[in-house]
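Visitor: Please take me through one part of this model closely, strand by strand, and then show me what lies around that part. I would be glad of the cut-offs along the way.

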Amino acid sequence: MTIALSGTELGKRLAEKFPGSIVESIPDCLLVNPSLLPEVAGFLKDIPDLDFNYLNYITSVDYYEYFEVIYRLTSTKYNHSIVLKARCYDRENPVLPSVTELWQGANFQEREIYDLMGIRFEGHPNLKRLLLWDGFAGHPLRKDYL
Amino acid sequence: MAIKTEPFVLNIGPVHPSTHGVFRMRATLDGEVVLDIEPVIGYLHRGIEKLAEQRTFTGFIPLTDRLDYISSMSNNMAYCMAVEKLAGVKVPERAQYLRVIIAEMQRIANHLIANGSFLNDCGAYFTPFLYMFREREKVVDLFEMLSGQRLTYNFMRIGGLSQDIPDEFLPALRRFLDKMPAFIDEYDRLLKENEVLLARTRGVGIITAEKALNCSISGPVLRSTGYSWDLRKADPYLLYDRFNFDVPVGMQGDCYDRFRVRMEEMRQSVRIIEQALKDLPLKGAVRADVPQRLHPPKGEAYAHIESPKGELGFHVVSDNSIAPYRVHIRPTSLLNLTALREMVRGWKVADLIVIFGSIDICLGEVDR
């Protein structure tokens, strides 16, 4: 059984290591400060006793006041998982740092979120629309699109 | 004096028999050698995630059929499991057993198509394909008995199944199970040590376990690298922890290993169905009491299954209305393509087709 690690405990550890990186930690997930996301993600991936080597998926949700981007990570060695979330409050120009450097599996998914939700990922090697064509206007998964 | 050469861009697809749908690759070639490829997708994009937001929770089930249409039952099941998790619905035991049986039948049907079309790509034009379609036909007949459909089944419901199985289903399944191991042996005799197949696939398109994990690859492609990661074992859902089965793994992660892993998985699926049939409760409800206008409490849930192609998951967000606030589909086929670029570099165009075929994607799921 994949064990869902407690966000509160891991949040405490991360807040000590990177002050200001954790906005909120509840048992289900960790709400991460977007500017420190690569540091936090890199820590989770590289520390031997956590070893989050597998990125299950990235997705995004539009809550009108903010966009929430959700990362689910799993360690196939210890069989445990954690959910990270990052919020973008700027509707006009939402930007998040890319995690493609850490997990290549993020490549297509970040392109897809850029395409359908309009969130730009800084540091992505090839940030182009994935499913829709280049001249397409708007980002369909936003709640105000339709 | 050396002849001046320059790279050549070849456009493969979107409509081409070897692309399994509408997949397009912009391949940069040096003579016959592939220097680089750029996958171009989206030709089958229907905006299914957006359409989900305008439907009721139950009304979205038929659309999940159109994702990976080779294994519709698995898609139905993964989505229903996510909503069940969100709404806290408990599925009756008989329905859970039937779900296991159906999911494993679907795995057999999918792997038959996957391996059949893979051999087509290798140049064994349609002979093995038709052998494998012979057995897939039997699975499809059984599914037709259940749902009346032969491709898009729309059979699962939130809380169980849409209806109980008909009386003639179990005897027919029994006949199928009795014959299936002999059929798999027949494929093995034809193909396992076939020299042409070995020459075309052994050592071709190798991917390492670390690379595969880093690229979020799952399913037979990950297991072909020798890494044993199967959600039925790693994160058991339904009743999979009650059955004995092995997780077949490959040796070096080449095209041949992917082919072999799928063959062995079919044997294991037969094993699981046999055990499930033995324990299947003969009577009982096949659907929990779920209101037609279901509105789960505010929140979100993610459920994943080991679909025939890999980890298939649904992330469902509810705002306590009758329609999902957001549905995200974790697309196995799309993520399994992440490493395609590295896998084909340096191989010839003919190998590019073989490597691509060995990944087993379904464009309905890649584009959604």
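Guide: Happy to help; we will begin with one sheet, then turn to its surroundings.

A word on conventions comes before the details. Residues are numbered from 1 along each chain as its sequence is written, while chains are lettered from A and ligands numbered from 1 in the order in which they are written. The model is predicted, so local features need pLDDT of at least 70 and side-chain atom pairs count only at pLDDT 80 or more, whereas totals for chains, interfaces and linings use all residues.

Our part is an open sheet of three strands in chain B, with the order β6-β7-β8 and antiparallel pairing. Helices (H or I, at least four residues) and strands (E, at least two) are DSSP runs, numbered from the N terminus, and two strands pair if DSSP finds at least two bridges between them. As background, strands of a sheet pair through backbone hydrogen bonds, either parallel or antiparallel. The edges here are β6 (299–307) and β8 of chain B, each pairing on one side only. From one strand to the next, the twist averages 10 degrees. Axes are lines fitted to C-alpha atoms, for helices over the stretch in contact, and angles run from 0 to 180 degrees between N-to-C directions.

Between β6(B) and β7(B) there are nine bridges, in the antiparallel sense. To find your place, look for Gly299(B), whose bridge partner in β7(B) is Ser318(B). Helix α3 (residues 72–87) of chain B packs on this sheet, where it touches β6 and β7 of chain B, and its direction makes about 150 degrees with that of β6(B). Contact between two residues means that their C-beta atoms, placed from the backbone, lie within 7 Å.

Now to the partner chain. In total, 26 residues of chain B are in contact with 22 residues of chain A. On the chain B side, the elements that give two or more residues include β7 (310–318) and β8 (326–330), along with α1 (48–52), α8 (209–214) and α12 (332–336). Strand β7(B) supplies the largest share of that side, four residues. By class, the side has 10 nonpolar, nine polar and seven charged residues; here Ala, Val, Leu, Ile, Met, Phe, Trp, Tyr, Cys and Pro count as nonpolar, Asp, Glu, Lys and Arg as charged, and the others, Gly among them, as polar.

Across from this side, chain A has three helices and eight strands, in the pattern β-α-β-β-α-β-β-β-β-α-β along the sequence. Buried residues make up 40% of its 146 residues. A residue is buried if 20 or more other C-beta atoms lie within 10 Å of its own, exposed if 12 or fewer, and partly exposed in between, with C-beta atoms placed from the backbone.

The core takes in residues of both chains. The largest nonpolar core has 78 residues, and those with the most contacts inside it are Val69(A), Leu73(A), Leu84(A), Ile119(A), Ala212(B) and Ile355(B). Such a core is a set of buried Ala, Val, Leu, Ile, Met, Phe, Trp, Tyr and Cys residues joined through C-beta atoms within 7 Å. Apart from it lies another core of 58 residues, including Ala52(B), Ile108(B), Met132(B) and Leu146(B). Leu84(A) touches Cys29(A), Leu30(A), Val32(A), Tyr71(A) and Leu73(A), leaving out residues up to four places away in sequence.

Ile355(B) is also one of the buried residues of α14(B). That helix, residues 349–359 of chain B, has nine of its 11 residues buried, so it is largely enclosed by the rest of the structure. Right after α14(B) comes Asp360(B), with a positive phi near 60 degrees.

For contrast, look at the open sheet β1-β2-β3 of chain B, also three strands and antiparallel. Its edge strands are β1 (8–12) and β3 (33–40), and its twist averages 25 degrees from one strand to the next. In β1(B), the count of buried residues among its five is zero, which leaves the strand hardly covered. Five bridges link β1(B) and β2(B), and seven join β2(B), residues 24–30, to β3(B). Ala27(B) of β2(B) stands opposite Leu10(B) and has Ile37(B) as its bridge partner in β3(B).
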